Amino acid sequence: NVMPKTLDGQITMEKTPSYFVTNEAPKRIHSMAKDIKLIVVVRNPVTRAISDYTQTLSKKPEIPTFEVLAFKNRTLGLIDASWSAIRIGIYALHLENWLQYFPLSQILFVSGERLIVDPAGEMAKVQDFLGLKRVVSEKHFYFNKTKGFPCLKKPEDSSAPRCLGKSKGRTHPRIDPDVIHRLRKFYKPFNMMFYQMTGQDFQWEQEE
């Protein structure tokens, strides 16, 4: 009910980080518009979990350490997959839910890593997927060294460049390398399954 009416030749876009991991979302979206095109930005689930924790920590400094929250049993190395920061990164699990309602051809997966190093390249894929003319290109981006990711240049006659807000690009806390190693091991089979399901290799294992 809150989506604006779309005229012929227009595309209405909307984004919400929680759709992909919400069980009811695919069914509801399918009943609203089964021909919809879906875009999912994914990044290395280990980095994603640490980033998620960093975000929460900035709002609630009193929360336990990442290491404490990540394990059910630290001695046995049992990862706590019920903690949302970890669960969200099990992409294969969530995708399975979406594929019950939508064919893979209606879903575009954007690499969060490539979005940083080659924003124009990833945006070209997005524009092609949406059937749009490639208007956004290299000339629209510049790399912000302080933040560590690209910012969008504004048109000539407009104000300052558009960068993501203060909450983005925060310095991550130092995490025990053993914890990172265990998380990578935990995610690896799920990542492999995700690569197989999407037909795309995001090369997260090669970042080690």
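1. A salt bridge here is a side-chain nitrogen of Lys or Arg within 4 Å of a carboxyl oxygen of Asp or Glu. By that rule, this predicted model has seven salt bridges.

2. Start with Arg-74, which sits in the loop between strand 2 (71-73) and strand 3 (78-79). Its salt bridge with Asp-176 has the closest N and O atoms 2.9 Å apart. Asp-176 is in the loop between strand 6 (149-152) and helix 8, so this pair ties together parts that are 102 residues apart in sequence. Both partners are partly exposed: Asp-176 has a relative accessible area of 26%, and Arg-74 one of 37%.

3. Arg-74 also forms a salt bridge with Asp-178, where the closest N and O atoms are 3.8 Å apart. This pair again links distant parts of the chain, with Asp-178 in helix 8 and the two positions 104 residues apart. Asp-178 counts as partly exposed, at 34% relative accessibility. Add Arg-182, and you have a network of salt bridges linking Arg-74, Asp-176, Asp-178 and Arg-182.

4. Another salt bridge to look at joins Asp-128 and Arg-134, with the closest N and O atoms 2.5 Å apart. Asp-128 is partly exposed at 41% relative accessibility, whereas Arg-134 counts as exposed at 55%.

5. Now the helix packing. Helix 2 (residues 45-59) meets helix 8 (residues 177-198) at an angle of about 125°, and their axes are 9 Å apart. The two are therefore oblique to each other. On the helix 2 side the contact uses Pro-45, Val-46, Ala-49 and Ile-50, while helix 8 brings Ile-180, Leu-183, Arg-184, Tyr-187 and Asn-191. Sorted by class, that makes seven nonpolar residues, one polar and one charged.

6. Asn-44 is worth a click too: you'll find Asn-44 in the loop between strand 1 and helix 2. Asn-44 counts as buried because its relative accessibility is 6%, and the cut-off for buried is under 20%. In space, Asn-44 and Gln-203 are 8.7 Å apart, C-alpha to C-alpha, despite being 159 residues apart in sequence.

7. Last, helix 1 (residues 25-32). Which of its residues are buried? Ala-25, Pro-26 and Ile-29 are. Seen down the helix axis, these buried residues fall within an arc of 95°, so they line one face of helix 1. They pack against strand 1 (38-42) and helix 5 (91-99). Turned away from that buried side is a face carrying the exposed residues Lys-27, Arg-28 and Ser-31.

Note on methods. Residues numbered from 1 in each chain as written. Predicted model: local features only at pLDDT ≥ 70, side-chain atom pairs only at ≥ 80, totals over all residues. Heavy atoms only, no water. Axes fitted to C-alpha atoms, helices over the stretch in contact; angles between N-to-C directions. Helix = DSSP H or I, 4+ residues; strand = E, 2+ residues; numbered from the N terminus. Parallel < 35°, antiparallel > 145°, perpendicular 65-115°, else oblique. Contact = heavy atoms within 4.5 Å. Nonpolar A, V, L, I, M, F, W, Y, C, P; charged D, E, K, R; others polar. Buried < 20%, exposed > 50% of the residue type's maximum accessible area, 1.4 Å probe, protein only. Arc of directions from axis to C-beta.
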